Amino acid sequence: MTIPDLLLKIRLLTRRRLFPGFMKLAFTLLSILVFIPGNALDLARLQAALRNLGGHQQSFVDWNNIMQSYGDATIETKLQKVNELFNRKILYTDDQDAWGQTDYWATPMESLAKGKGDCEDYVIAKYFTLRNMNIPI
């Protein structure tokens with residue numbers, strides 16, 4: 001099973017609310033799986049996901065450019081650039097407003113596509129981006 005397939009399966013399970021607290025466990029497991037050497041991001045699939053969610057192409061381009069342009073930068077520069085990107089692209093709003101649910105943990109592509117999110121959505125988007133840029137845990 002590929003990482004994108006795993007992400008889709010997790011998203012389907014959490015939408016059905018089969019397991020309370022499952023999303024926290026899923027993100028912990030994914031943070032281990034996604035960043036094992038050899039599990040590169042499938043950029044074409046992520047770009048298609050953003051497009052299917054109604055997101056703007058420029059958001060994906062900006063996100064990918066940050067990862068490519070600052071991959072060899074200092075940790076401080078990486079933190080600054082990723083923070084600036086998501087603070088500019090995502091407007092803070094609560095989950096009820098953004099997703100019609102009291103609590104929803106959006107993927108980075110969902111947050112970029114919607115252009116809205118709450119504190120967990122910022123954290124998830126920044127975390128996965130920084131981990132992809134080889135920031136140590």
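Is Asn134 buried or exposed? I would like to start there, and then work back through the helices, keeping in mind throughout that what we are looking at is a predicted model. Asn134 has a relative accessibility of 63%, and it therefore counts as exposed, since the cut-off for that class is over 50%. Asn134 lies in the segment after helix α8, and its phi is near 65°, which is a positive value in a residue other than glycine. As background to that, most residues other than glycine have a negative phi.

Let me step back from Asn134 into α8 itself, which covers residues 119–132. Helix α8 has 14 residues and reaches 20 Å from its first C-alpha to its last, close to the 20 Å expected at 1.5 Å a residue. A good part of the helix can be listed by name as buried, namely Asp121, Tyr122, Ile124, Ala125, Lys126, Phe128, Thr129, Leu130 and Arg131.

Now, how does α8 sit against helix α5? In general, two packed helices are described by the angle between their axes and the distance between the axes. For α5, residues 75–89, and α8, the axes come within 10 Å and cross at roughly 140°, and the two helices are therefore oblique to each other. As for handedness, the crossing in which α5 passes α8 is right-handed. On the α5 side, the contact is made by Lys78, Leu79, Val82, Asn83, Phe86 and Asn87, while α8 contributes Tyr122, Ala125, Lys126, Thr129 and Leu130. Sorted by class, this contact has six nonpolar, three polar and two charged residues.

One residue of α8 also brings us to helix α7, residues 108–114, where Ser111 is found. With 0% relative accessibility, Ser111 counts as buried. If we leave out residues up to four places away in sequence, Ser111 touches Ile90, Ala106, Lys116 and Asp121, and Asp121 is among the buried residues of α8.

The other helix I would like to show you is α4, residues 57–69, which has 13 residues and reaches 18 Å from its first C-alpha to its last, close to the 18 Å expected at 1.5 Å a residue. Its buried residues are Ser59, Phe60, Asp62, Trp63, Asn64, Ile66 and Met67, and what covers them includes α3, α5, α7 and α8.

Which residues make the contact between α3 and α4? The axes of these two helices come within 9 Å and cross at roughly 145°, and the crossing is right-handed. The contact is made by Leu43, Leu46, Gln47, Leu50 and Arg51 of α3, together with Gln57, Phe60, Trp63 and Asn64 of α4. By class, there are five nonpolar, three polar and one charged residues in this contact.

Within that contact, I would pick out Gln57, which is found in helix α4 and which, at 39% relative accessibility, counts as partly exposed. Gln57 and Gln47 are 10 residues apart in sequence and 7.8 Å apart in space, taken from C-alpha to C-alpha. Not counting residues up to four places away in sequence, Gln57 touches Gln47 and Arg51, and these two belong to the α3 side of the contact with α4.

Methods
Residues numbered from 1 in each chain as written. Predicted model: local features only at pLDDT ≥ 70, side-chain atom pairs only at ≥ 80, totals over all residues. Heavy atoms only, no water. Axes fitted to C-alpha atoms, helices over the stretch in contact; angles between N-to-C directions. Helix = DSSP H or I, 4+ residues; strand = E, 2+ residues; numbered from the N terminus. Parallel < 35°, antiparallel > 145°, perpendicular 65-115°, else oblique. Left-handed = near helix turned anticlockwise from the far one by under 90°. Contact = heavy atoms within 4.5 Å. Nonpolar A, V, L, I, M, F, W, Y, C, P; charged D, E, K, R; others polar. Expected span 1.5 Å × (residues − 1). Buried < 20%, exposed > 50% of the residue type's maximum accessible area, 1.4 Å probe, protein only.
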